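I have a fresh page and a new structure to get to know. Come along while I look up a few things and jot down what turns up.

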Amino acid sequence: MGRRQGVLSVHHQILNTDTSVAQFAPNVGVMEPTTVTQEFFDRYAQALLGRDADAIAGLYAVPSLIAFPGQSIPVSDQAQTRDFFAASFGQYDGVSEADPDIEVLAHGGHSIWADVTWSYDGQPRERFIYQLLDGPVGWQIGVLTPLDL
């Protein structure tokens, strides 16, 4: 039983009468964070395995933030993400399967925080916290933080 089966089952709905900061978020009603994240990371895996840097870049919001240890990189142009992945595909040579093990840590009407461990060809290899944002073009990565396995 993977972590994705133990994710939060609580749903959050933004009310039009909300006077907090959430009033500026889109009113998306009740959302299914497990479905959203699974579908999102399935698309991400497909783009990664297809070595499609443009498709991966489209999954990142602009602006976004990559929070590496000791260095944060603001991303202000989709080309930055595309070029990074195009130059990094060599590290995935020989990889034919990418499986995200997803744990939704928290969610709101416009944002999902997910702890994702990526296994490549059956071996856990990378772990990240993603903050997904629901914007004009759908769900995208707004903040990416690498973690230790």
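**Entry 1: strand partners**

Which residue in E6 is the bridge partner of Tyr60? I looked it up, and the partner is Ile141. A note to myself before going on: this is a predicted model.

Next I checked the strands around that pair. Strand E1 covers residues 60-68 and strand E6 covers residues 138-147; the two run parallel and are joined by three bridges. On E6 I also found strand E5, residues 123-135, which pairs with E6 in the antiparallel sense over nine bridges. I picked out one position there: Phe128 stands opposite Pro146 in E6. How many residues does the hairpin from E5 to E6 pass through? I counted two residues in that hairpin.

**Entry 2: backbone oddities**

I kept a general rule in mind here: most residues other than glycine have a negative phi, and most peptide bonds are trans. Then I went looking for exceptions.

My first find was the peptide bond from Val62 to Pro63, which is cis, with omega near 5°. Pro63 sits in strand E1, the strand that runs parallel to E6.

Then I turned to phi. Arg51 is not a glycine, yet its phi is positive, near 50°. I found Arg51 in the loop between helix H1 (33-49) and helix H2 (53-57). Asp121 also has a positive phi, near 50°, and lies in the loop between strand E4 (111-120) and E5.

Are these two residues buried or exposed? Neither word fits: Arg51 counts as partly exposed because its relative accessibility is 28%, and Asp121 counts as partly exposed because its value is 34%.

**Entry 3: the nonpolar core**

Which residues touch the most other members of the largest nonpolar core? I noted Phe41, Tyr44, Trp118 and Tyr130, out of 31 residues in that core. I then asked where the core residues come from, and H1, H2, E1, strand E3 (98-107), E4, E5 and E6 each supply at least two of them. H1 gives the most, with seven residues.

I finished with a closer look at Tyr130. Leaving aside neighbours within four places in sequence, Tyr130 is in contact with nonpolar company including Phe41, Trp118 and Val143. Ile141 is also among the contacts of Tyr130, which takes me back to my opening entry, where Ile141 was the bridge partner of Tyr60.

How values were computed: Residues numbered from 1 in each chain as written. Predicted model: local features only at pLDDT ≥ 70, side-chain atom pairs only at ≥ 80, totals over all residues. Heavy atoms only, no water. Pairing = 2+ DSSP bridges. Helix = DSSP H or I, 4+ residues; strand = E, 2+ residues; numbered from the N terminus. Buried < 20%, exposed > 50% of the residue type's maximum accessible area, 1.4 Å probe, protein only. Core = buried A, V, L, I, M, F, W, Y, C linked by side-chain atoms within 4.5 Å. Contact = heavy atoms within 4.5 Å.
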